[in-house]
Amino acid sequence: MSAFNTPRLVLNKFLAKSQREGQGAIVRRGIGRAELKNFDPFLLLDHFSVSPPGGFPDHPHRGFETVTYVLEGGITHEDNAGHKGTIRSGDIQWMTAGRGIIHSEMPAEQNNNGLQLWINLAANEKMIAPNYQEILSEDIPSGEKDGVEVRVIAGESMGIKSPVYTRTPTMYLDFTMNPGAQMNQTIPESWNSLAYIIEGEGVFGSPNSSPILAHNVIVFTQGDGVSVWNKNSSKPLRFLLIGGQPLNEPVAQYGPFVMNTQSEIEKTIEDYHHGRNGFEIKLN
């Protein structure tokens with residue numbers, strides 16, 4: 001008997017293979033590769049690993065949000081408006097690039113890894129002023145029940161709500177399941193959803209499906225919720241469950257610029273080239 005009227009099942013799964021990115025960084029790309037070009041409203045999901053002297057030097061963004069979740073070490077960021085700081089292990093930075101930002105993201109320690117998710121913005125929000133929501137690890141709400149722990153980065157789980165304001169309605173949950181545990185999570189029916197396994201192996205969607213291993217991306221069918229089982233007798237399972245309301249708008253993308261039309265992309269490249277409309281270079 002399912003916990004849901006329409007349980008979400010595994011539609012597709014694939015391994016997020018390692019590739020080089022930035023300067024000397026390695027990423028496992030889950031969204032933004034051939035198997036899953038984008039997944040409305042999501043544009044990119046990277047599980048990154050970077051050590052000095054590598055990193056992500058100054059680069060621009062326009063038209064979407066980036067969510068950085070550090071698992072180990074720290075990432076120091078600085079933008080063209082003078083906003084700077086370090087996101088440490090367990091912290092989250094929810095950055096709305098809006099009309100434009102130029103920033104760098106550099107490793108703060110020797111070993112640094114985490115995840116970055118790009119969330120598209122609706123056409124009427126692409127040119128809003130940039131904004132940051134930064135939440136320290138100890139301030140991320142969490143819950144525990146029947147051998148399942150959850151960190152509620154965005155959305156709601158176990159009756160616990162995140163304080164993050166999501167312009168594009170989004171859920172971002174970090175689950176850890178003890179051996180033998182099972183969990184059920186409701187997801188709004190119209191939303192797209194996926195899971196990314198950080199460690200361990202899990203059974204997703206239906207109890208008799210095959211276990212799926214670490215670093216796999218799991219795309220779910222539509223439905224009102226998903227069930228997950230950790231049938232491994234000794235290892236915990238840790239995975240992210242990410243869902244969002246599709247924008248159903250055209251996507252025109254040129255690297256870190258995401259608009260709705262090609263002419264908007266051309267204008268963005270022009271703005272960046274001339275250092276205007278959000279891409280002004282700050283004077284030290």
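What follows is a chat between a colleague and a modeller about a predicted model.

Colleague: Let's start with the rings. What makes Phe175 and Phe239 an aromatic pair that is stacked?

Modeller: Two cut-offs. Ring centres have to lie within 6.5 Å, and planes under 30 degrees apart count as stacked. Phe175 and Phe239 come out at 5.3 Å centre to centre, with 20 degrees between the planes. Both conditions are met, so the pair is called stacked. It is one of eight aromatic pairs in the structure.

Colleague: And why does the pair tie together parts that are apart in sequence?

Modeller: Phe175 belongs to strand β17, while Phe239 belongs to strand β24 (residues 237-244), so the contact ties together parts 64 residues apart in sequence.

Colleague: On to the sheet with β5 in it. How do you know that β5 and β10 pair?

Modeller: Two strands pair if there are at least two bridges between them. Four bridges join β5 to β10 (residues 101-107), so the condition is met. The two strands run antiparallel. For a concrete contact, look at Pro60, whose bridge partner in β10 is Ile102.

Colleague: Why are β5 and β8 called edge strands?

Modeller: Each of them pairs on one side only. The order is β5-β10-β7-β8 in an open sheet of four strands, with antiparallel pairing. From one strand to the next, the twist averages 25 degrees.

Colleague: Now the empty space. What volume does the largest pocket have, and which residues are closest to its centre?

Modeller: Its volume is about 480 Å³. The lining counts 23 residues, and Glu21, Arg29, Leu44, Asp46 and Trp118 are the closest to the centre. The elements giving two or more residues to that lining are β3 (25-31), β4 (42-50), β5 (56-61) and β11 (112-120).

Colleague: How is the lining of the largest pocket split by class?

Modeller: Nine residues are nonpolar, nine are polar and five are charged. Asp, Glu, Lys and Arg count as charged, so Glu21, Arg29 and Asp46 fall in that class, whereas Leu44 and Trp118 count as nonpolar.

Colleague: Which residues are closest to the centre of the second largest pocket?

Modeller: That pocket holds about 350 Å³ of space. Among its 18 lining residues, Ser157, Met158, Met183, Asn184 and Gln185 are the closest to the centre. β15 (156-157), β17 (170-177) and β18 (182-186) each give two or more residues to the lining. β18 gives the most, with five residues. By class, the lining has eight nonpolar, seven polar and three charged residues.

Colleague: Then the backbone. What makes the bond between Asp40 and Pro41 worth a look?

Modeller: Most peptide bonds are trans. The one joining Asp40 and Pro41 is cis, with omega about 10 degrees. Pro41 sits in the loop between β3 and β4. Another cis peptide bond joins Pro52 and Pro53, where omega is about 0 degrees, and Pro53 is in the loop between β4 and β5.

Colleague: What is the phi of His215, and where is that residue?

Modeller: Phi of His215 is near 70 degrees, a positive value in a residue other than glycine. Most residues of that kind have a negative phi. His215 is in the loop between β21 (212-213) and β22 (216-220). Asn277 also has a positive phi, near 55 degrees, and lies in the segment after α1 (262-274).

Colleague: Which residues does UniProt list for the Pirin N-terminal domain?

Modeller: The unreviewed entry lists residues 27-119. That span is 0% helix and 65% strand. For the Pirin C-terminal domain, the entry lists residues 172-278, a stretch with 12% helix and 46% strand.

Definitions and conventions. Residues are numbered from 1 along each chain as its sequence is written. This is a predicted model: local features need pLDDT of at least 70, side-chain atom pairs count only at pLDDT 80 or more; totals for chains, interfaces and linings use all residues. Side-chain values use heavy atoms; hydrogens and water are left out. UniProt positions are given in the numbering used here, feature names are shortened, and annotations may be inferred rather than shown by experiment. On a 1 Å grid over the protein atoms alone, a cavity is a set of points where a 1.4 Å probe fits but cannot get out, and a pocket is an open set with protein on both sides within 12 Å along at least five of seven lines; lining residues have an atom within 4 Å of a point. Grid points are joined across faces, edges and corners, and a volume is the space filled by probe spheres set on the points. Axes are lines fitted to C-alpha atoms, for helices over the stretch in contact, and angles run from 0 to 180 degrees between N-to-C directions. Rings of Phe, Tyr and Trp (its six-membered ring) pair if their centres lie within 6.5 Å; planes under 30 degrees apart count as stacked, over 60 as edge-to-face and the rest as tilted.
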